[in-house]
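My notebook is open, and I'm going through this one a bit at a time. I'll jot down what I looked up, entry by entry.

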Amino acid sequence: MTDNSLLDLSDQELRKLPKNENSHTIKVLNVSKNCLQKLENVENFTELTELIASHNQMMRMYTVAKLSKIVKLDLSNNHLMSIEGLRDLINLTWLDLSHNKIKIIEHLSTNINLVHLDLSFNSISYITNLSHLLRLERLFLHSNHICHLTNCQHFLPVSLLILTLANNNLNDLNEISQLCRLGSLREITLTGNSCLEGYTFNYRPFIVNWCSSVKIVDGYAVDDIENLKAEWLYSQGQGRKFHTGQHTALVRYLTETCPITSHALETEQERKLRLVLSKAQQYREQLHRTSIPNTKDSGQESLMTRSLDPSVLKSTTQRLSMGSESCQVTPNSMSRSIHLPVTEVNSLVQSPPLPAASTMLPILDSLPSPLTPSIPKSRPIIGLQTPAGEESRAPTMDKLQMIKNKASKMNGNENKNSHQSAIVIQKMWRGYRTRNLNKNVTNVYQHVQMLRFNQYIKQMSKDLVDTKSTLEKEHKLVVLQMQAINELWKKVNSMDNQKNGDNKEDSKCLTCSSLDIKVQQLQQSMDQVLRCVSPSLQSVAETQTDITAIQTADECYPNSNAIVRPNFLPLSKPCTNQMAKTINATTTSSDI
């Protein structure tokens with residue numbers, strides 16, 4: 001990788017990512033061991049394929065969302081609380097989020113190209129659905145808070161090769177049964193869980209019993225003896241008869257059948273197992289050296305298909321040590337097993353023997369090792385050996401003729417496929433040549449394109465005119481609606497004014513009626529006054545003066561619409577008659 005595509009800013013105590021003029025050419029950026037709390041300006045690195053930002057102080061990771069070309073992302077040893085910002089990173093294949101504070105595995109639905117995912121040293125308590133990550137091969141979940149593996153047989157992709165579950169909170173070894181569908185699993189770690197603390201048994205055969213493809217457990221390779229024990233647990237023992245919640249019974253069973261013993265304290269049966277394996281390895285090497293062509297088909301069956309009961313292996317060892325002597329197997333020897341205590345042997349003798357242990361099969365000289373890949377049968381070379389007579393020559397000629405027929409048929413198929421391929425190539429080349437090198441075709445193509453372009457322009461112009469006319473109609477309609485609204489508004493105002501006028505007339509009528517009532521009351525009072533002062537004329541004049549004093553000037557009501565009050569108040573009829581009598585009496589006295 002060139003220096004221009006690599007930018008190393010590690011261990012510089014940076015608090016903010018600086019801008020770079022050549023950011024569009026940088027493909028690898030290393031900002032580890034700084035004091036960054038956020039990856040600012042990282043979106044300027046548009047061509048970035050690898051980002052290393054470990055050992056910082058970041059709490060959020062959404063700033064990487066715009067790095068669409070990123071392939072490798074390392075954000076370990078930070079303070080991240082959740083997984084985010086990875087939705088558009090479809091090219092991401094390597095992701096390291098270890099040593100953070102993540103609690104849930106989420107937001108990875110679009111990262112289907114992930115191959116390596118490290119979530120170790122976090123706070124994850126359970127495994128979520130990762131079955132959509134079809135290319136995931138390495139999943140690191142050690143040093144978390146995982147307490148169960150429920151639904152992992154559906155949640156984990158079958159492409160997994162490495163799975164680490166060490167140093168978690170698994171308290172039931174039967175949880176391993178959830179991993180039985182991982183047919184490609186090669187390495188697994190379980191040490192440091194509570195289900196393996198304080199027990200003196202070898203749990204490795206039990207794990208291989210459920211995950212037969214596993215070759216490494218807790219960093220150590222599974223040896224041949226452990227493979228044989230796992231095969232026996234699967235076929236003859238009770239390796240798969242325990243379920244989740246039966247951890248105590250499983251521990252008791254494994255303590256009896258798979259105890260931990262050093263090589264110096266190896267039991268007799270285990271020593272015989274190793275002897276059988278070494279002999280099988282020697283036979284396999286001998287077969288590889290000699291390449292025997294006349295090996296019988298019955299001798300090619302694998303040792304793993306036979307019963308792996310240690311009693312059978314014991315009898316086989318005796319056969320190897322005794323040479324050509326036959327080995328007689330007693331019922332006790334057929335039912336004995338190093339995986340069961342002596343006290344249980346007698347009970348097993350009474351029961352019928354297992355199907356695989358009911359027959360005795362000797363080990364053939366051409367038998368390969370049970371734990372190494374079988375060597376394919378070597379085909380005899382025809383023509384190297386001369387047949388003894390006509391009877392042996394006839395089958396050989398038939399075979400030669402059959403081989404020739406098959407070869408000619410295969411050649412015919414190959415020729416036919418080649419002919420079809422050549423036709424396809426010629427069609428593609430002729431089409432390309434015609435489209436690009438023939439001037440007439442080019443002119444016709446340009447003419448057709450021009451016609452389509454003109455037709456498109458006409459259609460667009462027509463659509464534009466229609467749109468314009470539609471807008472004008474809508475504008476006219478809006479104007480008419482506004483005029484109608486104004487007319488309605490005027491009518492409403494006139495109706496309001498009319499209502500207000502009616503209200504004013506009603507108020508005027510009420511005022512007039514109240515004034516009439518007051519005038520009537522005043523006239524009654526004046527009648528009483530006149531009764532008291534009727535003998536004197538002076539009182540009449542004063543009374544008249546009082547009556548006329550009620551006059552009101554017109555200037556007090558400048559409003560033309562105001563009610564016009566009378567200039568004087570008329571006297572009642574009794575008062576008028578009394579005044580007439582008084583005047584007549586006065587006139588008579590003056591005449592006298």
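**Entry 1: M58**

I started with the contacts of M58 in this predicted model. Leaving out its neighbours within four places in sequence, I found M58 touching L36, Q37, K38, L39, A53, L75, N78, H79 and L80. M58 is in the loop between β3 and β4. Is M58 buried or exposed? Its relative accessible area is 2%, and the cut-off for buried is under 20%, so M58 counts as buried. I also checked M58 against S76: they are 18 residues apart along the chain, and their C-alpha atoms are separated by 10.0 Å.

**Entry 2: L149**

Next I looked up L149, which I found in the loop between β7 (138-140) and α1 (152-155). L149 is buried, at 1% relative accessible area. Which residues does L149 touch, not counting those up to four places away in sequence? My list has I127, L165, L170, E175, Q178 and L179. I took E175 from that list and checked the spacing: L149 and E175 are 26 residues apart in sequence, yet 5.9 Å apart in space, C-alpha to C-alpha.

**Entry 3: salt bridges**

How many salt bridges are there? The count comes to seven. I wrote up some of them.

I began with E50 and K72, which form a salt bridge with their closest N and O atoms 3.8 Å apart. E50 sits in strand β3 (residues 50-52) and K72 in strand β4 (residues 72-74), so this pair, 22 residues apart, links distant parts of the chain. K72 is partly exposed, with 30% relative accessible area.

Then I looked at E84 and R60, another salt bridge, where the closest N and O atoms are 2.5 Å apart. This pair also links distant parts of the chain, with the two positions 24 residues apart: E84 is in the loop between β4 and β5 (94-96), and R60 is in the loop between β3 and β4. Are the two partners buried or exposed? E84 has 14% relative accessibility and counts as buried, while R60 is partly exposed at 45%.

E137 and R138 make a salt bridge too, at 3.8 Å from N to O. E137 is partly exposed, with a relative accessible area of 28%, and R138 is partly exposed as well, at 26%.

Last for this entry, I noted that salt bridges link K16, K38 and E40 in a network. I had already met K38 in my list for M58.

**Entry 4: cysteines**

How many disulfides does a search of the whole structure find? It finds zero. I checked C180 to see how far off it is: the nearest cysteine sulfur belongs to C211 and is 7.5 Å away. A disulfide needs the two sulfur atoms within 2.5 Å, so C180 is in none. C180 is partly exposed, with 33% relative accessible area. I looked up C195 as well, and C195 is buried at 4%.

**Entry 5: a patch on the surface**

Which residues form a nonpolar patch on the surface? I wrote down M450, F453, Y456, I457 and M460, which together have about 530 Å² of accessible area. I picked Y456 for a second look: Y456 lies in helix α10 (residues 439-532). Its relative accessible area is 52%, and exposed means over 50%, so Y456 counts as exposed.

**Entry 6: the whole protein**

Time to zoom out. The protein has 12 helices and 11 strands. Of its 592 residues, 32% are buried. The accessible surface comes to about 38200 Å², and carbon and sulfur atoms hold 55% of that. For contacts with a separation of 6 or more, 43% are between residues 24 or more positions apart.

**Entry 7: confidence**

I finished with the pLDDT values. The mean for the protein is 74, and 67% of the residues reach 70 or more. Where does pLDDT stay under 50? Residues 293-394 are one such stretch, and the model has 118 contacts beyond four places in sequence for them. Residues 536-569 are also below 50, and that stretch has 24 contacts in the model beyond near neighbours in sequence.

Terms used. Residues are numbered from 1 along each chain as its sequence is written. This is a predicted model: local features need pLDDT of at least 70, side-chain atom pairs count only at pLDDT 80 or more; totals for chains, interfaces and linings use all residues. Side-chain values use heavy atoms; hydrogens and water are left out. A salt bridge is a side-chain nitrogen of Lys or Arg within 4 Å of a carboxyl oxygen of Asp or Glu. Helices (H or I, at least four residues) and strands (E, at least two) are DSSP runs, numbered from the N terminus. Buried means under 20% relative accessible area, exposed over 50%, partly exposed in between (1.4 Å probe, protein chains only). pLDDT is the predictor's confidence in each residue, from 0 to 100. Contact means heavy atoms within 4.5 Å. Patches are made of residues with over 30% relative accessible area and no salt bridge: like charges are joined within 9 Å, nonpolar side chains (Val, Leu, Ile, Met, Phe, Trp, Tyr) within 5 Å. Accessible areas come from the Shrake-Rupley method with a 1.4 Å probe; for residues, only the protein chains shown count as cover.
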